[in-house]
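User: Could we go through this model together? I would like to see how the labels follow from the numbers.

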2 protein chains.
Amino acid sequence: MPEAYRSASSPAPASAGVTRTALRIALFGFGTVGRSVARILAESHPEGLELTHIFNRGVARKRVDWTSPSVVWSEDADAVLAADVDVIVELVGGLDPAGSWVERALEAGKSVVTANKKLIAFRGVDLERLAAARGGHLKYGAAVAGGIPVIPGLEQGLAGDRIERMEGILNGTCNFILSKMEAGQEYAPVLAEAQAKGYAEADPTEDVGGFDARAKLAILMRLALRVQIDPEEIAPRPITAITAVDFSYARDLGCTIRQIARAERREGHLAAAVGPMLVALRSPLAWSQGTENMVVASGHYGGDVVFSGRGAGGHPTAVAVVSDLLALAHGSRRVEIPSAPAHVSAEFEAPHYIRFVVKDRPGIVAAITAALAREQINIRAIVQKAGYPADALPFVVTVEPCKNSALQHALAEIRAMDCMLIEPLDLQMLE
Amino acid sequence: MPEAYRSASSPAPASAGVTRTALRIALFGFGTVGRSVARILAESHPEGLELTHIFNRGVARKRVDWTSPSVVWSEDADAVLAADVDVIVELVGGLDPAGSWVERALEAGKSVVTANKKLIAFRGVDLERLAAARGGHLKYGAAVAGGIPVIPGLEQGLAGDRIERMEGILNGTCNFILSKMEAGQEYAPVLAEAQAKGYAEADPTEDVGGFDARAKLAILMRLALRVQIDPEEIAPRPITAITAVDFSYARDLGCTIRQIARAERREGHLAAAVGPMLVALRSPLAWSQGTENMVVASGHYGGDVVFSGRGAGGHPTAVAVVSDLLALAHGSRRVEIPSAPAHVSAEFEAPHYIRFVVKDRPGIVAAITAALAREQINIRAIVQKAGYPADALPFVVTVEPCKNSALQHALAEIRAMDCMLIEPLDLQMLE
């Protein structure tokens, strides 16, 4: 392995015409992103990067004819890990076996570039420690928001600020579904379309249930809010409860609905949530359409910074991977943002949208508002649109900013009322 | 000077509890941005950074009581340059004497962090070469778009892409003026308001004439399009010709008007322009209000990436400065994006908006369209709103995408027509 690229104390490559040996790269995983990484390396042949190995299960069926003939194709992970490579690019995903491959590569002093949000969210701190101890580097710019440089933006550009709040649209599948529903379509056919287009898995739970966005939020919280959290402390809420009725009411409130991942530190208290929320139509979060991703980071000194672009897909994710490889080749260090373990709650103080579907009878509004009043929650508006049947009547109550725990207390009481046909739906309203 | 921070081959700071001496920092310039940098250092005291010197002319009147008592206040630039400091933070601006201070610091092997767009646009390549030769580093994240991490985003996050096009709103003063005019105000009172708020200088030429945005565009072109250009090859167009009439016509076309800095490489040809342009109301560029900045970079692989936020002001710019200082302290290298000298033209192929003010008589439209037809330029629409006097009648012609040179030929002919009361105004329409 060329010393110039390996050691933590290697100099930045000189601009002078010194011949350098390139960083030897092994791709683990030759799916959509892996192929795009190989494609960019083959087309742009960036200086200092050389693709030497490609590992995939059943690699024969994956083989393409446009990579360098010197590339070793292999289905033997152990052999590739033991080969003369400097960097493992891990694009297999999931905790295992990807995690153990990453660990073994770092143990051996190699560097790792990964797009694996789950691995970084759950084990990133330990893996970084391991990398530092063995002289390698771990880079994961592709793990959040694909081609949008949010991670370098936070690490390099906003390191000097104190980020107090962030909101993100971090899951392209949910954004595709919700922006199509905003335009008038129903959940089920849109999900089917997303699956047909390859935007959603056959089992969409990871995406629509909020687990994917949660992992990404945990990663961003470490860089932005400087906390190491257990992602499982955040209970994500699925987008599956959202219906056309909600988009209709949201529009009347000057809003739309997006899957939002948000986190905030206020007076030393750390809160995070992932799920569908109302966003004002005039806010940046409402701009994102289709599979776009967006992150808004709010700094104490610099104010709001917005990043947006293509959050997923082979090519955008591959751009982030190749950029990380170039950073390694150029000896670019991460700005190590100090972070500390922390616990996180769902205790935001936010206005809420609450949609009820009831069998209409006198006294329902009085009973609901009384339950809210007992928790000191102030009503902002009660909206009931015409045209719905009285035996399954949807109507909406919006409330002034209140603690989530107070709202949940009130909703526990309201839920028990016999007129409630389905579970009330409460959504944060972002302001 | 602590070796750990000085040398090009210094290791990244270890995570272990090794006591390190901090990077010693001299601020050159204690105006709005300088004070904000000192404020952030005093409040956040980021590890590894120590403010040791503050230089300003007539420094006595600048002195504040909240910096560390050990800070040396000085009005002797030579003495501060000769002092035991590791980094000069240059916030004086302009080519001289700031340029010679930067040069002397780099000559001495010190690093420099600067917010000086003019210096970097005109002399950045040479200064970077000097820094590399003497073992120091030159960082200028604050030179473009203040608190928005566009420069780290391009250097670190998009290095793996091939950026083919970029559009930016790079001057907050122009954006403030034009977004207020969009809301119905006239140029002169809005400029006066901008001056009163400190957004515009007494002589606003640098901003409204496009010179400030031009320098920033030249810097971004180096990182994004990888070309070293002479900024003076771009002839900026002032926003002063824009009137309420243009906003009214633009709105009818589904557009608004912004000062745009744009550059593109197409089929090996490099084009750049700075000036007022029409942008679609549904495009990200129309979102930016007030003094906000925005950059849209379009990559061959990753598609459009949007960055937006506060482009100016003491605190946002100071965030970029402190982030650069942290990157130096952490041994983070720039990803050296290779660039080559290039010439730039104004030869975009774009649709245009052309507004005429004429003394009405029969045959004017025929003459104008004939002149355009002789250059093979196709008319898209002719719009004439009611309510204007016939002796000073504004009307608009929009044309299909055409070469700028062809349009200028046609306009030279049209300009000579005796019915033209004022210079026709041609604006690119971004699509």
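Here is a short conversation about the predicted model and the reasoning behind some of its labels.

User: Let's start with chain B. Why is B:Asp84 called exposed?

Analyst: Happy to explain! B:Asp84 has 9 other C-beta atoms within 10 Å, and a residue is called exposed if that count is 12 or fewer. B:Asp84 is therefore exposed. As for its place in the chain, B:Asp84 sits in the loop between α3 (77–82) and β4 (87–90) of chain B. B:His53 is 31 residues away from B:Asp84 in sequence, with a C-alpha to C-alpha separation of 9.5 Å.

User: What makes β4(B) and β5 of chain B a pair?

Analyst: Four bridges join β4(B) to β5 (residues 111–114) of chain B, and a pair needs at least two bridges. The two strands therefore count as paired, and they run parallel. One of the bridge partnerships links B:Val89 with B:Val113 in β5(B). Helix α4 (residues 98–107) of chain B packs on the sheet, where it touches β1 (23–28), β4, β5 and β6 of chain B. The direction of this helix makes about 165 degrees with that of β4(B).

User: Which strands does the sheet hold, and in what order?

Analyst: The order is β3-β2-β1-β4-β5-β6 (chain B), an open sheet of six strands with parallel pairing.

User: What makes β3 and β6 of chain B edge strands?

Analyst: Each of them, β3 (72–74) and β6 (138–139) of chain B, pairs on one side only.

User: Now to the two chains. How do you know that β12 of chain A pairs with β12(B)?

Analyst: Again by counting bridges: there are five between β12 (residues 303–310) of chain A and β12(B), where at least two are needed. The strands therefore pair, in the antiparallel sense. Within this pairing, A:Ser308 has B:Val306 as its bridge partner.

User: How many residues are in contact between chain B and chain A?

Analyst: 53 residues of chain B are in contact with 52 residues of chain A. On the chain B side, α13(B) gives the most, with ten residues. That side has 26 nonpolar, 20 polar and seven charged residues.

User: And within chain A, which elements of domain 2 touch domain 3?

Analyst: Domain 2 covers 150–311 and domain 3 covers 349–430. Between them, 17 residues of domain 2 of chain A are in contact with twelve of domain 3 of chain A. The elements giving two or more residues on the domain 2 side are α11 (244–252), β9 (255–266) and β10 (269–280) of chain A. By class, that side divides into twelve nonpolar, two polar and three charged residues.

Notes: Residues numbered from 1 in each chain as written. Chains lettered and ligands numbered in written order. Predicted model: local features only at pLDDT ≥ 70, side-chain atom pairs only at ≥ 80, totals over all residues. Domains from an automatic or database assignment. Contact = placed C-beta atoms within 7 Å. Nonpolar A, V, L, I, M, F, W, Y, C, P; charged D, E, K, R; others polar. Buried ≥ 20, exposed ≤ 12 C-beta atoms within 10 Å, placed from the backbone. Axes fitted to C-alpha atoms, helices over the stretch in contact; angles between N-to-C directions.
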